[in-house]
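Let's take a walk through this structure together, with an eye on its aromatic rings and its empty space.

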Amino acid sequence: MRRRGLSMFIGTMVAALALTGCGLESASGTVLEAEPGSIQHYDSLDGVKITVAAKDFTEQLILGNMLSTILSTAGADVTNMTNTPGSFGVRQALISGDADIVPEYTGTGWINYLGHEDPIKGSEAQWRAVNEADQANGLTWLAPAPMNNTYAFAIRESAAERLGVTKLSDLAKLPPSELTFCVESEFASRNDGFVPMLQTYGLSKAQLGDVTTLDTGVIYTATANGDCNFGEVFTTDGRIPALDLRVLEDDKQFFPLYNLTEVVNSDLLAKHPELIEIFGQLNPKLTNDVMLALNARVDNDGEDPALVARSWLVKEGLLS
């Protein structure tokens, strides 16, 4: 699975099966209260039971709480299943009907859940493809946010200024001594990973300097410390601004698109099409810069994800 590796995927399956055996239990559970803002209360949602599930990493903790607070303020009777272990656990909850709505990424749906090897170019085209395919599973993908949490390479700002790099195509002009990389072991070997990326940008491993394989979390600090010039990162990780890293533009659009949206049980959506209107107000505001800042508040400043979610919704005027 993207972002956690095969071993984590297997572990997640075990955890999900354990949850299935005893019934899903929320690891956070609380739904924070708010008042309507531009997202209003809907009489049609009064008392409607809706279960939100989200995964167990920072970004998803924020998003799951965000969806839960929005739906509760709009009138629904919300069960908050944020912090469900892993992608598999959340997907199984959605497929089985234990969850009604989840925050998810179009690339994850297309590649990991639906089994396609080749991503589709263009955020709208990728969204339409995964939405059409998942209708067979009784699921609808709402129109996505601009936010795209995909792979990228980052460099510390001081080195970026020294080398004059802003995009991945700039790498081809650098000498081998400057082409030093930190990557995950999974990314180094996958068919949409390191070697194909190099080939797309006119490079081969023979042209590089040192390539160091590290755990995901270590890559950020190693890149910031200058152990390598270019580190594999995820584009909305809060450590990017905290460590003063610059994400290089993927100007040849090599990496798959992982735009965020809500996946909703299609029967629920047919009964309550107002959900489209509600999340149509939220999604356009969720950009990479917004998510970087929100993730940083949790990972770097130690704030609570639910409080971060609600405070941002109020700041944006969506709730009050």
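A charge counts as sitting over a ring if NZ of Lys or CZ of Arg is within 6 Å of the ring centre and within 35 degrees of the ring normal. In this predicted model, Arg-239 offers such a case: its charged end sits over the ring of Tyr-220, 4.0 Å from the ring's centre.

Now turn to rings that meet other rings. Pairing requires centres within 6.5 Å, and by this rule there are eleven aromatic pairs. Take Tyr-151 and Phe-187: their ring centres are 5.1 Å apart and their planes stand at 40°, so the pair is tilted. Tyr-151 belongs to strand β5 and Phe-187 to helix α7, 36 residues apart, and the pair links these distant parts of the chain. Both residues are buried.

Phe-187 has another partner in Phe-255; here the centres lie 6.1 Å apart with planes at 40°, so this pair is tilted. Because Phe-255 lies in the loop between β9 and β10 while Phe-187 is in α7, the contact ties together parts 68 residues apart in sequence. Phe-255 is buried, as is Phe-187. These residues belong to one aromatic cluster, whose members include Phe-153, Phe-181, Phe-194, Phe-230, Phe-234 and Phe-254.

What about empty space? A search of the whole structure turns up one cavity of 30 Å³ or more, and the volume of the largest cavity is about 30 Å³. Among the residues lining it are Val-90, Trp-141 and Val-263. Helix α3 supplies the largest share of that lining, three residues. By class, the lining has six nonpolar, no polar and two charged residues.

Note on methods:
Residues numbered from 1 in each chain as written. Predicted model: local features only at pLDDT ≥ 70, side-chain atom pairs only at ≥ 80, totals over all residues. Heavy atoms only, no water. Phe/Tyr/Trp six-rings, centres within 6.5 Å; stacked < 30°, edge-to-face > 60°. Helix = DSSP H or I, 4+ residues; strand = E, 2+ residues; numbered from the N terminus. Buried < 20%, exposed > 50% of the residue type's maximum accessible area, 1.4 Å probe, protein only. 1 Å grid on protein atoms, 1.4 Å probe; cavity = no way out; pocket = protein on both sides within 12 Å on 5 of 7 lines; lining within 4 Å. Points joined across faces, edges and corners; volume = space filled by probe spheres on them. Nonpolar A, V, L, I, M, F, W, Y, C, P; charged D, E, K, R; others polar.
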